[in-house]
Amino acid sequence: MSKLMMTLLGTLISSVSLFAQDTAQAEVPFSEDVVLRLFGRTREAVFTEILRVGRGEQPVFLETFYEYAQEKMPIAQMRGVLLREYNEKFQMLDEPVLHNLTKSILKNDREFVDLQTRYHRRMVKLLGASRAAMFFQLDNYLDQSERLYLQNGLPFIRELETGRRLAATRLQPPGH
């Protein structure tokens, strides 16, 4: 069961190349790989250790943890799809495409917050308010670490890059 759940968590981001800018391709790690790199342990081990989940509460905690991870997976996968779409089309983004992508990403963020809200109640009953807060703090930290990794692979929107070049040109001394 543990390997199955780790595989499910790992599908958050496939090992297939997600970003292809020009000819360079960046490999995106599995979600579990990010956790192993940051903590040297599996995701479930990190959560049970940091939250100090006792042996008596561990079965119920892990069941809830896996349910949460399973419900979170499609939301995270959709975020990857949206980012992939952005990356594939970034050179030809126009106002309607940017508008729709932004709306979709915001909707995806709302779904994630709704999921956390539903599970917050369960975690408070299971772990108490303090450890439930720690659960979501850690979950958000790991999620943001993964998002930051992905975001670093994305090109800036065309207008932002143009603005940067214009600003850099203005900073150059006259005659260059």
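Helices here are DSSP runs of H or I with at least four residues, and strands are E runs of at least two, both numbered from the N terminus. The model is predicted, so local features need pLDDT of at least 70 and side-chain atom pairs count only at pLDDT 80 or more, while totals for chains, interfaces and linings use all residues. Residues are numbered from 1 along each chain as its sequence is written, and side-chain values use heavy atoms, with hydrogens and water left out.

**Exercise 1. Place Met 78 and say whether it is buried, partly exposed or exposed.**

Step 1: Met 78 sits in helix H4.
Step 2: Buried means under 20% relative accessible area, exposed over 50%, and partly exposed in between (1.4 Å probe, protein chains only).
Step 3: Met 78 has a relative accessible area of 41%, so it is partly exposed.
Step 4: In space, its C-alpha is 9.3 Å from that of Ser 104, though the two are 26 residues apart in sequence.

**Exercise 2. Work out how H4 and H5 run relative to each other.**

Step 1: Grab the axes, which are lines fitted to C-alpha atoms, for helices over the stretch in contact; angles run from 0 to 180 degrees between N-to-C directions.
Step 2: The axes of H4 (residues 58–89) and H5 (residues 95–127) come within 10 Å and cross at roughly 170°.
Step 3: Under 35 degrees counts as roughly parallel, over 145 as roughly antiparallel, 65 to 115 as roughly perpendicular, and the rest as oblique.
Step 4: H4 and H5 are therefore roughly antiparallel.

**Exercise 3. Check the span and bend of each helix.**

Step 1: The expected span is 1.5 Å times one less than the number of residues.
Step 2: With 32 residues, H4 reaches 45 Å from first C-alpha to last, close to the expected 46 Å.
Step 3: H5, with 33 residues, reaches 46 Å, close to the expected 48 Å.
Step 4: A bend is the angle between axes fitted to the seven residues ending at a residue and the seven starting there.
Step 5: H4 bends by about 30° at Met 73, with Pro 74 following within four residues, and H5 bends by about 25° at Tyr 119.

**Exercise 4. Which residues does Thr 64 touch, leaving out those up to four places away in sequence?**

Step 1: Thr 64 belongs to H4, and at 8% relative accessible area it is buried.
Step 2: Contact means heavy atoms within 4.5 Å.
Step 3: The list is Tyr 119, Arg 122, Met 123 and Leu 126.
Step 4: Tyr 119 and Met 123 are among the buried residues of H5.
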